[in-house]
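Please walk through this fold with me, one sheet at a time. Keep the sequence and the 3D view side by side.

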Amino acid sequence: MPISKRAKVIHESRTQKKSHKEQTRRLYANVQAAVEEYDHLFVFAVDNMRNTYLKDVRTEFSDSRLFFGKTKVMAIALGTTPETAYAPNLNLLSPYLTGAVGLLFTSRDPQSVLDFFESFHPIDFARAGNITPRSFTIPSGVVYSRAGEIPAEDDEPISHTIEPTLRKLNVPTRLVKGKVMLEMEGDGYQVCKAGEELDSRQSTLLKMFGVAVAEFKVEMKARWEKKSGEVVVLEKQEIMEVDA
């Protein structure tokens, strides 16, 4: 088949994607540059990751440098052995660079950094796969928009247009004279139990009734000080009980 000689339009505004190797090389170089620039390095872990709240952290620490993700590259940049460590004892941080962790380089007073994260734990709606810290039950009777989370006199009945959605989510409701009713024996319909891993149906119901149970939390794992080369373990150690 002959090759078409039709002129092809090439958009000069189209941006080329950065190669994986280039991104890796840049991260490696930026981590090592931050070691030179800042006095302290914190390794931190994140529970219930949300980009919105991580952006808030970046804004708060605009005078610092934060890296998140690609832990293997960050570990290699810092060094994994005394021989490859970019600065003395940086290799001691390598065991903490696993999972959803990041690096925070800063010259702020270390205690002020710890105080900030101790008080920064916004609550958001849970996603499928999250572990819920509390139980939630929709009370029997008229279904209210907050399902008992606030006093009935401060709430209002849920709209009748939502009733079909509730039934699709396996909540046994029905319309009675224009009101959504849940007629069940006992306390009502239990959506989830404390300590349970949520599925998509449960997380949808929690959000529908305005129940936020996911806590975005940053846990500091370790800190390195450039001046002394000291590494301080910050993560809370689990205490194992041994039967006598």
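G141 stands opposite L182 of β8. This is a predicted model. The residue pair belongs to the contact between β6 and β8 (residues 179–182), which pair in the antiparallel sense over two bridges. Step back to the whole sheet. It is open, has three strands, and follows the order β6-β8-β7. The pairing is antiparallel. β6 (141–142) and β7 (173–176) stand at the edges. Each has a single partner strand, so one side of each lacks a neighbour in the sheet.

Now turn to the other sheet. This open sheet has five strands, in the order β2-β3-β1-β11-β12. Here too the pairing is antiparallel. The edges are held by β2 (65–68) and β12 (231–233). Both have a single partner strand, so one side of each is left without a neighbour in the sheet. Neighbouring strands are turned by 25° against each other on average, direction ignored. In general, strands of a sheet pair through backbone hydrogen bonds.

Look closer at one pairing in this sheet. Strand β1 (residues 40–47) and strand β3 (residues 101–106) are joined by six bridges in the antiparallel sense. One pair to find is A45 with its bridge partner V101 in β3. Helices pack here as well. Helix α3 (residues 71–78) packs on the sheet and touches β1, β2 and β3. The direction of α3 makes about 45° with that of β3. Helix α1 (residues 20–37) lies across β2, β3 and β11. Against β2, α1 runs at about 145°.

Next, the largest pocket. The volume of this pocket is about 340 Å³. Which elements give two or more residues to its lining? They are α4 (110–119) and β11 (217–225). The largest share, four residues, comes from β11. The lining includes L114, F117 and E118, along with K217, V218, E219 and M220. D47 is also among the lining residues, as are L234, E235 and K236. By type, the lining divides into five nonpolar residues, six charged and no polar.

Finally, how far can the coordinates be trusted? The protein averages a pLDDT of 89, and 89% of the residues score at least 70. Among the elements, helix α6 (residues 200–208) has the highest mean, 97. Strand β10 (residues 214–215) has the lowest, 90. Residues 238–244 stay under 50. For that stretch the model has zero contacts beyond four places in sequence. Where pLDDT is low, the predicted coordinates should not be read in detail.

Key:
Residues are numbered from 1 along each chain as its sequence is written. This is a predicted model: local features need pLDDT of at least 70, side-chain atom pairs count only at pLDDT 80 or more; totals for chains, interfaces and linings use all residues. Side-chain values use heavy atoms; hydrogens and water are left out. On a 1 Å grid over the protein atoms alone, a cavity is a set of points where a 1.4 Å probe fits but cannot get out, and a pocket is an open set with protein on both sides within 12 Å along at least five of seven lines; lining residues have an atom within 4 Å of a point. Grid points are joined across faces, edges and corners, and a volume is the space filled by probe spheres set on the points. Ala, Val, Leu, Ile, Met, Phe, Trp, Tyr, Cys and Pro count as nonpolar, Asp, Glu, Lys and Arg as charged, and the others, Gly among them, as polar. pLDDT is the predictor's confidence in each residue, from 0 to 100. Contact means heavy atoms within 4.5 Å. Two strands pair if DSSP finds at least two bridges between them. Axes are lines fitted to C-alpha atoms, for helices over the stretch in contact, and angles run from 0 to 180 degrees between N-to-C directions.
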